[in-house]
Amino acid sequence: MSGTAAADVFAAGGDVGRDLAAVDWTQTPLGQPEQWPQSLRTAVSILLASRFPMWMTWGPELTFFCNAAYRRDTLGRKYPWALGRSANEVWKEIWGDIGPRIENVLSTGEATWDEGLLLFLERSGYTEETYHTFSYSPLRDDEGALVGMLCVVSEDTKRVIGERRMGTLRDLGSDPSVVRTEQEMLAFTAQQLGKNLKDLPFTLTYLFAEDGRARLASSTGIPAGHPAAPEIASADGPWPVSGPARHESALVELPSAGVGLPTGDWADPPAEALLVPLLRQGGAAYGFLVAALNRYRALDEEYRGFIELTAGHVAAGVASARNYQAQQQRAEELAELDRAKTTFFSNISHEFRTPLTLIIGPLDELRSRAGEDMREDLDVMHRNALRLGKLVNALLDFSRLEAGRMQARYEPVDLAATTADLASVFRSAVERAGLTFDVDCPTLPAEVYIDRGMWEKVVLNLLSNALKFTFDGGIRVAVRAEDGRAVVTVADTGAGVAPEEMPRLFERFHRIENTRSRSNEGSGIGLALVKELVLLHGGTVGAESTAGQGTVFTIILPFGAAHLPADAVVPAADAAAVSATADPFVQEALRWLPSAPDYPIETAVPVPGSAARVLVADDNADMRDYLTRLLRSAGHRVTAVGDGRQALGAARADPPDLVVSDVMMPEMDGLELVAALREDGRTAGVPVLLLSARAGQEAAIEGLEAGADDYLFKPFSAAELLARVRANVELARMRNHHARWRTALVESLQEAFFVCDEEGAVIEINAAFTDILGYGPEGLPYRGVPPWWPDAETDADAFAEVAAALESLTHDQHGTYTIPVNHRDGHRLWAAATFTGVHDPETGRRVIVGTFRDVTDEHYAIQRESAVASLSLRLSEAEDLPGALGGALAELRGLWHATYASATVFDGSPVPVFDATDASLTWDGLPQRRRDTITGLVGGPPLTPVSERDAGAGIAFGHPDGTMVVWLELGDRRPFTEQDKTLLALLAGHLGQALRRVHQIDQQRETALALQRAILGPAQLPAGFAVRYEPATRPLKVGGDWYDTVTLPDGRIGIVVGDCVGHGLPAATVMGQLRSACRALLLQDTGPARTLMALDRFAALLPGATCATVFCGVLDPATGRLVYSSAGHPPPIAAQADGAIELLDQGRSRPLAIRPTMDRDEAEYRMEPRTTLLLYTDGLVERRRQPLTEGIDAATDAVRLGRSTPIDELATEVMDRLAPDGGYDDDVALLLYRQPGPLELEFPAEAARLAPVRTALRGWLERCAIDPVTIQNVLVAAGEACANAIEHGHRDTAGKIQLRAIATAEDLRLTVVDNGRWLTPRPAENPYRGRGLMLMKAFMHHVTVTTGIAGTTIDMQARIVP
Amino acid sequence: MTTALTLTSGQRPDGVPVLAAAGEIDMSNADAFASALRVAVAGAAAAALLVDLTAVEYLDSSGLATLFQHADRIEVVTGPLLAPLLTVSGLAELTTVRGL
């Protein structure tokens, strides 16, 4: 391959071009590229220049070409072997599918369109399941004949298979959130897997039983009891169980014969199966999944990923089901435990006192001796022992009260002093809380009998309560006498109690929720106890409260002891100091108050692997400290806060691995915390372990319902807490599989996925979204108009399209749109998007969930297809080159909404030829800049689009007259993308090819006309003949038909009509030679038969002349005698004046040069006067699917009907009548003659000429077989006309007169023309002359006198009496 | 060259004056025909001149005009060839035309 032409053809093709150049084209029917027709070269250029996958065939053996994109996407290992081979060899395996389509294109010229067609290709070393969307369109050669096929194809294999797999994964994930049993879960999974028998011809799910054996749990696509699906799979077979047990996948070859494996949706059984373990987080596999593999797809990363995701789902389902089972079991155990605990508490609470005493005592002892290192722990132990003691005491008090065993000892005391002493114990705590403490206890007028221990509890409880709920202001304790009774008030300026809570204020175990307090600790028995104790003293207790302002408790006690049982009244003891009872109250209150960091931040040493970041929330500082120390000791990193609100803040700032929270906390309790965490996407997945002192199943359920992951009751052991924490961190990962599954699913989608909130902001996207649009999750949320929308100003149309799609979503629940979007790097994409409006089940808000895929290729393929189709339509409608160009420019302008489209042809002349859709534009009128741009394109590579920013785009390509540049003036409205360029190149290629074709048609038309003039027939026909030659309509072609007349020396006329085989210039050349030969032979007066025999011998030597058909006759016009011979030609038709028909079918023999030595016969036909003779070629009468005789009958009818029509009009009439719809598809030659021919006389305008003219006219009329009377009448009329011409037209100057007479079957027409001025008859001046016109009118049926500047014409007609 | 026309003046045996024409009469020889007719009519005195056109093969309007001029002094004899012409032209209404 050295030719430049070859290099040019393949230049644009890169590697493929080089490989194409390396093909030995001489071995193909196409031959050397240098000799390829322009149309092939253009087609190959378009193919190679396109980035869209294309292939084509050309020529009789369907020689195969393709471009780089096709090689990349589809051809596989067949490259470069396929180049230059026959397409049916290249695509042998699918020829059954595509062969008929190609054949159809090549036979009808109609393009095909297939979408997502399944084809089994052999391009990767195995039979491969592939899908293709493609169109075959016809290719034509330089002469317009169908010679090839261009396929534009987009391979859909990945999309179709990806969608199918995603469908299965989506169905698996469609699992309703109700947790199922293992059986239900397996059944559901099997139902979903069974729907995809393409990717999973059959599946088996084996679960390891406790004995280590793998039991079949479910199967799809395979009948029960099949040898490949035994109940138990063991190391002996059929499945290698050891791999999955070691968490390894294994690829197993399946036996090819004998077993009768199910085939799934395919014709053949699978050849391999993949064993995938069902992994358990941090444990042995649950079992394994056997997935038989689609034998028509390779086990690539995607396929393997699909199966692993499927197995992952099954594993997660098993985990979920088993976890559910475990939870249920634990709930039951907890309920049992609670029942036992209740019994335990009620039975033995009093038993606490002894051990508590034995703890507190030695503790005090220890504390006094302990060093600093131990002190802290011991203090905690002490405080909590005291607290426990206090609680136990309160409980015991109650049980005593309930049992009526409370032994009160009432002694007379100074209530004011006693109360003031008790209050003073709280002073330091109150003041440390920043509150005022006002104690107003003046001495009372009388003694009050009280049990000191009980009174202490009353006052301390009230004070403790006041401190707990008061944050600002102060606390006031007052004692006074009123109405003969002692009144003690404890008032605070705290949170107050809502009115609806007031009735239950003193109810036992009733706790007022949602009130701001320093601590949520408390048993709810304090005030109840107060009330009981006051009642024992014969007093009353009440409360007044205003929410937000404070509460006043008022106790009223009678003076004296009259109201008390006498046996309980004792004398006054020593006024003892405040007892030990007060200590726990104060200690407890102090712990509520803010203090110096009493849980120092230690630098924890994380234990690798198991370390978790734990957030601890507890309002109790001791518990907080304790949990912190405990968790740190296990290697966790701990952050501790004092209430739910702080916990929420901390979790949002930095989501921990686990939150451990007390349920009851001030500000925001544990349940509210859980709810708030779950609501926020950032923390929704964080597991929460709730701790609570409130035992019982209901409490646990309440916590779990709120979204907590686990629930732990106080008291708990350190080991239990740590185990739960660890389990929850791990379990959380498992339990979170839903979220992770969702994430995995969303991320693995090949379609882009996104979620919009109510405001339209994009709040979630997946990886495919980023792949397609280039915008990543780092930009989330995308608010307002997203950056991938087309620009509203520069790309208004596209913007409007997107806006309209989004707008419709506000009233539709869902929709599917194909919309234009921009990639981050600016290039235009088309996305097929599906939107659905849904309600977020957790938040209840409406969100829009959407997916889209990149359909740019399909979009542009369709656009291209329709653009090419409409351009082709325009071009096919064009009659000539300007018409084709004008139509094409209009099409291009419309396609790109260009301001104008122009075509400039650089044909070598100083000013190029310029055309534009805007007719007012001229080349000189263009701005210099534009002229430069267009001129600049001429030198560049052809068919390579160039665009100029904010201006337009252009492309140069070959034009019959030189180089043409098409320019689209786009202005600054939109970018001209790569896709636009491909389309422009494609269309320009078509246009170039079409222009060349139209140009050729133009040339051919000219050639045909020239041929008609030059060789078809004589320049001057003898009188009485009419001829027609009509080239085939589309494409315009000269053919081999001809007619000829030869006037022989003796006045006879040789008549020839012939038809050479074939079309085009070669046939025309043969025809010319035959015609000349025939003419020469006739002139030698050889007679028709001998002429044809000589022509036989001549034709035998002339390539292409064999089998031509010829009718040859010699006519004596004087007598109407026609001698003729026919070489296989259709018979001429003779219609006599009376309508009788005769076919000249004698003297007929074989076509030319068949048996050239044999003789030919001659026949004679005598034409009666006014007989019309039609000679023709088969194009006139031959029609597809019609016998020839039908066509001949139609021609016969036409001649019979037209026998009174002048011969030339009749020729037109016959051609029109017989023309098929859409014109003749073969060329037609036609010759008509009517006997006798017309009389044509021209003579000087002299009276002396009248007699010879009459003689000639009389003779002609006699040949026409006109009766003598009519002859005389006609002679008179004609004589008068001529006399008048002499008289009036040429009175002053001598001129010429023409007389023409023609006869048809039923009438005569005479025309007398002079070139003088025929005066209006003036009877007064020359009365007898007026008689001339009268005579004409009297003897002829119709007379018309037309006088003009050039002369006068008299037309006269006479009907012929039969 | 004028059109062939032979004019013969004479009398029938019964003494009726006769002008016999043979050939064709058109504008090229109408003057000759007119002169002969004028002379013959004059020679026929009071009697009607018999114009014998039976041997005339063609007669045009110029010949007709001559006949019309002398219509009241002549009688015409014609063959079938000219009969339609003489009728159509109206001459038969002005003079006696025999042979119609």
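Helices, like strands, are taken here as DSSP runs numbered from the N terminus, a helix being a run of H or I of at least four residues. The exercises below concern a predicted model.

**Exercise 1. Helix H6 of chain A**

Task: Establish whether the length of H6(A) agrees or disagrees with its number of residues, determine which of its residues are buried, and state which residue follows the helix.

Solution. Begin with the length: H6(A) runs over residues 95–108, and its 14 residues, at 1.5 Å a residue, should span 20 Å, which agrees with the 19 Å between its end C-alpha atoms. Next, apply the burial criterion, by which a residue is buried if 20 or more other C-beta atoms lie within 10 Å of its own; the residues of H6(A) that meet it are A:Ile98, A:Ile102 and A:Val105. These buried residues cover an arc of only 55° around the axis, and therefore they lie on the same side of H6(A). An α-helix has 3.6 residues a turn, so residues three or four places apart point the same way. The covering of this buried side includes strand S1 (54–58), strand S4 (127–140) and strand S5 (146–155) of chain A, whereas on the other side of the helix A:Gly96, A:Pro100, A:Glu103, A:Ser107 and A:Thr108 are exposed. Finally, the residue that follows H6(A) is A:Gly109, and its phi is positive, near 75°.

**Exercise 2. A loop residue**

Task: Locate A:Ala572 in the chain, and decide whether A:Ala572 counts as buried or exposed.

Solution. First, A:Ala572 belongs to the loop that joins strand S18 (550–558) to helix H16 (582–592) of chain A. Second, A:Ala572 counts as exposed because it has 11 C-beta neighbours inside 10 Å, the limit for that class being 12 or fewer. Third, once its neighbours within four places in sequence are left aside, A:Ala572 is in contact with A:Glu411, A:Pro412 and A:Val413. In addition, its C-alpha atom is separated by 9.0 Å from that of A:Tyr449, although the two residues are 123 residues apart along the chain.

**Exercise 3. Where chain B touches chain A**

Task: Find how many residues of chain B are in contact with chain A, and which element of chain B gives the most to that side.

Solution. The count comes to 19 residues of chain B, in contact with 20 residues of chain A. Two or more residues of this side of chain B come from each of helix H2 (61–69) and helix H3 (83–88), and H2(B) gives the most, with 5 residues. By residue type, the side of chain B that touches chain A divides into 10 nonpolar, 6 polar and 3 charged residues.

How values were computed. Residues numbered from 1 in each chain as written. Chains lettered and ligands numbered in written order. Predicted model: local features only at pLDDT ≥ 70, side-chain atom pairs only at ≥ 80, totals over all residues. Contact = placed C-beta atoms within 7 Å. Nonpolar A, V, L, I, M, F, W, Y, C, P; charged D, E, K, R; others polar. Expected span 1.5 Å × (residues − 1). Arc of directions from axis to C-beta.
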